[in-house]
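This report describes the interior, the aromatic residues, the largest pocket and several individual positions of one protein chain. Please keep the sequence and the structure in view while reading.

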Amino acid sequence: CYLDRERAIDFSTTTETHFVFRTIVEQEIDAYVARLPVTIWSSAYSPAHPYGMTFFASINGSLTGNMGLPMEVLIPLLQRSGIVIQPRS
């Protein structure tokens with residue numbers, strides 16, 4: 001949901017992401033669990049973590065929506081609200 005009353009923007013949507021995992025051997029799982037804080041992630045992995053991304057054979061949909069807000073939806077709305085998107089200096 002995105003609401004900007006000054007510009008009469010009232011927007012709500014959902015995004016989907018479909019992940020296909022590759023075959024993961026037990027040694028990889030053991031190493032992953034031993035080295036990373038898997039108990040803080042709801043699914044015991046984090047696609048935001050570089051090694052977590054190696055578990056997927058394919059990803060279809062919103063990558064950022066899986067880890068928070070879908071940037072492909074949010075950025076255009078922020079721009080419509082007059083917010084300039086730029087890196088921090």
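Glutamate 28 is found in helix α1, which spans residues 26-35. The model discussed here is a predicted one. Is glutamate 28 buried or exposed? Its relative accessible area is 19%, and because buried means under 20%, glutamate 28 counts as buried. When neighbours within four places in sequence are left aside, glutamate 28 is in contact with Arg22, Thr23 and Tyr51.

**The nonpolar cores**

Which residues make up the largest nonpolar core? This core has eight residues, namely Phe19, Tyr32, Leu36, Val38, Trp41, Tyr45, Phe55 and Phe56. One of them, tryptophan 41, is in contact with Tyr32, Leu36 and Ser46, again leaving aside neighbours within four places in sequence. A second core, separate from the largest, has five residues, among them Ile9, Leu74, Leu77 and Leu78.

**The aromatic pairs**

A pair of aromatic rings is described by two values, the distance of the centres and the angle of the planes. How many aromatic pairs does the structure hold? There are six aromatic pairs. One of the pairs is formed by phenylalanine 19 and phenylalanine 56; it is tilted, with 4.5 Å from centre to centre and 35 degrees between the planes. Phenylalanine 19 lies in strand β3 (residues 17-21) and phenylalanine 56 in strand β4 (residues 56-61), so this pair ties together parts that are 37 residues apart in sequence. Phenylalanine 19 is buried, at 18% relative accessible area, and phenylalanine 56 is buried as well, at 10%.

Another pair consists of tyrosine 32 and tyrosine 51, whose ring centres are 5.6 Å apart and whose planes stand at 35 degrees, so this pair is tilted. Tyrosine 32 belongs to helix α1 and tyrosine 51 to helix α2 (residues 50-53); the pair therefore ties together parts that are 19 residues apart in sequence. Tyrosine 32 is buried, with a relative accessible area of 4%, whereas tyrosine 51 counts as partly exposed at 30%. Both tyrosines belong to one aromatic cluster, formed by Tyr32, Trp41, Tyr51 and Phe55. Within this cluster, Tyr32, Trp41 and Phe55 are also members of the largest nonpolar core.

**The largest pocket**

The largest pocket holds about 180 Å³ of space. Its lining consists of Cys1, Tyr2, Phe11, Ser12, Thr13, Thr14, Thr15, Leu69, Pro70, Val73, Leu74 and Leu77. Which helix gives the most to this lining? Helix α4 (residues 71-80) does, with three residues. By type, the lining residues divide into eight nonpolar, four polar and no charged. Leu74 and Leu77 appear in this lining, and they are also included in the second nonpolar core.

**Individual positions outside the helices and strands**

Alanine 8 is placed in the loop between β1 (2-4) and β2 (9-11). Although alanine 8 is not a glycine, it has a positive phi of about 55 degrees. Its relative accessible area is 69%, so alanine 8 is exposed.

Methionine 67 is placed in the loop between α3 (63-66) and α4. Not counting residues up to four places away in sequence, methionine 67 touches Pro47 and Ala48. The C-alpha atoms of methionine 67 and alanine 48 are separated by 7.1 Å, and these residues are 19 residues apart along the chain.

Isoleucine 83 lies in the segment after α4, and so does proline 87. Isoleucine 83 and alanine 34 are 49 residues apart in sequence and 42 Å apart in space, C-alpha to C-alpha. For proline 87 and threonine 39, which are 48 residues apart along the chain, the C-alpha atoms are separated by 32 Å.

The table lists the accessibility of these positions.

| Residue | Relative accessible area | Class |
|---|---|---|
| Alanine 8 | 69% | exposed |
| Methionine 67 | 37% | partly exposed |
| Isoleucine 83 | 42% | partly exposed |
| Proline 87 | 73% | exposed |

Notes:
Residues numbered from 1 in each chain as written. Predicted model: local features only at pLDDT ≥ 70, side-chain atom pairs only at ≥ 80, totals over all residues. Heavy atoms only, no water. Core = buried A, V, L, I, M, F, W, Y, C linked by side-chain atoms within 4.5 Å. Buried < 20%, exposed > 50% of the residue type's maximum accessible area, 1.4 Å probe, protein only. Contact = heavy atoms within 4.5 Å. Helix = DSSP H or I, 4+ residues; strand = E, 2+ residues; numbered from the N terminus. Phe/Tyr/Trp six-rings, centres within 6.5 Å; stacked < 30°, edge-to-face > 60°. 1 Å grid on protein atoms, 1.4 Å probe; cavity = no way out; pocket = protein on both sides within 12 Å on 5 of 7 lines; lining within 4 Å. Points joined across faces, edges and corners; volume = space filled by probe spheres on them. Nonpolar A, V, L, I, M, F, W, Y, C, P; charged D, E, K, R; others polar.
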